[in-house]
Every structure is written in C-alpha cells, then in structure tokens.
Amino acid sequence: MTKQEKSKIIVAILAMEFTSLAMSAVSPALADIGEAFPEIPQMFMSMLSTMPALICMPVGIYSNQIAGRKAGFCTLARLAMLCMLIGGLAPVFCTNFYSILAWRILFGVGMGLIQPLGGTIIFMFFEKREAELQSSNDTIFNNIGAILFQLGGGILCASFGWSATFLIYILLVPSFLIIYFYMPEPDASGFVAEEQRRKKEQGRARYGWRVWKWCILYFVFCVLFYPLVTDSSVIILSNGYGTAAGVSVMLTLFTLGGVVGGYLFRYGDRLGNRIFPLIFLICAAGFGIILRAKGLVGMIAGAVVFGIGYGLFMAGIMIAAGYAVPQAIRPGVTARLLASAGLGEFLSSFIMAAAVKLFGCTYERFPFFISMVIYLLLAAGFFAAYLGKGNGSADDEIAA
C-alpha cells in the first residue's frame, strides 16, 4: 500500500467511524416516541436504540469473515451505507411501532457490515503505533458523529415531533460519498496468502482467554453504560429537568467527553493495560455525579465526566485485545469485540430491569447506582491485578 493510498484509507476509515454511533440519534426521542405509542412497554421501547446493536453481532461477524477475502472492503462499505440511509430515513414515514422497529433492523444490518471494516483494515496494514494513533482518531470521530446525530435528533424531535428525529440520518450522505468516490480498495492478497499458509501449518486459530477476557469486559462495560442512553430521557422529562432538546444536549456533551477521552488516550498509551483502573474510576465518578444531580446541569456534568472514561475505554480496549494475539489472526478480534458490545447494549435494559426487580428498588436511577458500584469493583480488581504483576512493561501486559 502506497503512502497516498494509506492516506485515503485513513480518511475513509474516519468517514466510517463518523457513522458508528449513529444509532444513538434516537435516544433523545425515546420518551416522546413512548408517548406516541403508550401501549408499548418502556423495556421494549428501548429496543429502537438497542436493536441495531443486536443485529450488528451476527452481521458484523460475517462482514469480518468475508472482508478482503470473498468481498471487497469498498463493496461492503457501500452496501452498508445504503442500508443505513434507507433504514435510518424510512421511519419518518411510519405510523406503526413495529414498522419503525423493522427499519431499525435494516439500519442495524448496515451498521454490522461497516463497523468491523475499519478495525480489520488497521490490524491488516498498520503498525502498532500507527494503530494506537488511528484508534485515538477513530474514537474522536465516532464521538463527533454521535454529537451531531444526538444533538440534531433531539432538536428535530423537540421542534417538529418524534418522526422528524429520523431526518437526522441525512448526515450519512457525506460519509457515503467519501466511501463511494474516494476510498481505494486495499490489497489484502498478501495478508490472505499468509493467513492461508498459517492455517495449513498451524490449523484453525484459537483466540483463547487472552482475547475473550477483553470481550467479556466489553460486554460488561456496555451493560453498565447503556442506562445513560436508554434512561436519561425518562429521568430528565419525568423530573421536569428539561425536554428532548435537553436530553440531546446531555448526550451530546457526553460524547464530547468521549472526544476528549479519545484524544487523551494517545498520551496514556504507554501505560498499556494499567490505564484501565483509571478509566473505571472516571466512569464511576461520572455516574456518582448523575446520582446526586438535582437538575439538568448536574446530569450533564456527570455525563461529561463519564464520557471521558468512555472515550479512553473505547480506544484502549481495541488496542489491548488486538495486540494480545499474533498479526495473522488479529483482524478477527474486531468482530468479536463488536459482537460483545452489541450483546451488552441489547441486553442492558433487560439485565437492569431484572436487577431492579431482584432488589425491589423503584428508584429511577438505581441502574446508575449498580453501574457505579461495579465500575468501582472493576477499578479495584484491575489495580490489584497490576500490583500483583510487579513492574512488567505495559507492552508485556498487552502481549500477555
């Protein structure tokens, strides 16, 4: 790959990452959509936000398996953008909850096709330091995208009604044009040949605990994080803190915190996996602020603090998991991480509802309390683990 081709690939990856959190545009409107369809339980209403994440899992795994092998990266990216455009805009014209959910499924198919592509390309063609910087930039761009989608979706909902929320997916058009006209097809033939040679010599790759432990962590993180997406609108509206526009501002500033966290990761990468205790402490602090908040300003402050931890985590876990295995099997890590995240995002509402029922607590912010406690336990566990490892280098920990 020439330097010019790599530059174009980087731009295309950033265009893809800009769309990777586009499903969150619906989050500020969930309460308003719930009022339009009062017969639909809140747990199922949240599926408008979480269903795309669920569909991402099998589609993402399939996309990762065929990308650069049976199908070109450009072909998959273009098909993905078409699915997202159609599935994103079609609900504007729907009057039935289940038809909206069906279009969200198509949107999830597009997300599943495109999400693994950037990480797969990075692990195939980038050196470790290049990958760290690209992971930092990817986190910045997907949070910038989330800011625009969430803010625009909330403003459209508050100004013109819940159906207008989906008009925000017009913002997908620039990414589609960049991918269609500007993205070159990476030549993966050398990598594929090496992959086939390794399979003949060593048999089927086994990722083992060194990858699955990060997948489990990603799953847990998303279960704990998603109350911020699904419950914030209900808390803000039911307490009179603001409207859908206020929810949108909160989620927008949360993702702005994610931009900051993604940027800071490039300076904390030398810590290796030792950065995770700090990440979980930041996340716990953010949810602690939300628990104590008495108005929209307090909710926003907590969301911003949590967003910094979120941005650090998103950038850090991809590198930690990807570079825990040899390069020949590294691209497969992306799909496994995304599948774990999608499963966690989808199951979060159900798991939190079960926890609320188990403890018999009716406090609307109880899921945030559960998440805060578990984040603190994760911070303590990671810190204790690294104390037990002594003074090994960060790179050694990543390779372990």
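Helices here are DSSP runs of H or I, at least four residues long, numbered from the N terminus. All the views below are taken from a predicted model.

**Close-up A. Ile236, a buried residue of helix 12.** Welcome to the first view, where Ile236 has its place in helix 12. That helix covers residues 232–238. The relative accessible area of Ile236 is 0%, and because buried means under 20%, this residue counts as buried. Met250 comes 14 residues away from Ile236 in sequence, and the two C-alpha atoms are 9.7 Å apart in space.

**Close-up B. The second largest pocket and its lining.** Helix 12 appears again here, as one of the helices that supply at least two residues each to the lining of the second largest pocket. Helix 3 (42–45), helix 11 (227–230) and helix 16 (331–359) do so as well. The top contributor is helix 16, which gives the most to this lining, with 5 residues. In total, 18 residues line the pocket, and those nearest its centre are Gln42, Asp231, Ser349, Glu364 and Pro367. Sorted by class, the lining holds 10 nonpolar, 6 polar and 2 charged residues. The space in this pocket comes to about 330 Å³.

**Close-up C. The largest cavity and the helices around its lining.** Let us turn from the pocket to the cavities. The model has 2 cavities of 30 Å³ or more, and the largest cavity holds about 620 Å³ of space. Its lining is made up of 40 residues; look for Glu17, Ser20, Asn142, Tyr218 and Leu338, which lie nearest the centre of the largest cavity. Helix 1 (3–19), helix 4 (47–66), helix 6 (97–125) and helix 7 (128–160) are among the helices that each supply at least two residues of this lining. Helix 10 (209–225), helix 13 (244–268), helix 15 (296–322) and helix 16 also belong to that group. The lining of the largest cavity divides into 25 nonpolar, 12 polar and 3 charged residues.

**Close-up D. A nonpolar patch on the surface.** The last stop is on the outside of the model. Six names are worth finding here: Leu167, Ile170, Val173, Leu177, Tyr180 and Phe181 form a nonpolar surface patch. Together, these residues have about 580 Å² of accessible area. Val173 is part of helix 8, which spans residues 172–181. Its relative accessibility is 33%, so Val173 counts as partly exposed, a class that lies between the 20% limit for buried and the 50% limit for exposed.

Conventions
Residues numbered from 1 in each chain as written. Predicted model: local features only at pLDDT ≥ 70, side-chain atom pairs only at ≥ 80, totals over all residues. Heavy atoms only, no water. 1 Å grid on protein atoms, 1.4 Å probe; cavity = no way out; pocket = protein on both sides within 12 Å on 5 of 7 lines; lining within 4 Å. Points joined across faces, edges and corners; volume = space filled by probe spheres on them. Nonpolar A, V, L, I, M, F, W, Y, C, P; charged D, E, K, R; others polar. Patch = residues over 30% accessible without salt bridge, like charges linked within 9 Å, V, L, I, M, F, W, Y side chains within 5 Å. Areas by Shrake-Rupley, 256 points an atom, 1.4 Å probe, with all protein chains shown as cover. Salt bridge = Lys/Arg side-chain N within 4 Å of Asp/Glu carboxyl O. Buried < 20%, exposed > 50% of the residue type's maximum accessible area, 1.4 Å probe, protein only.
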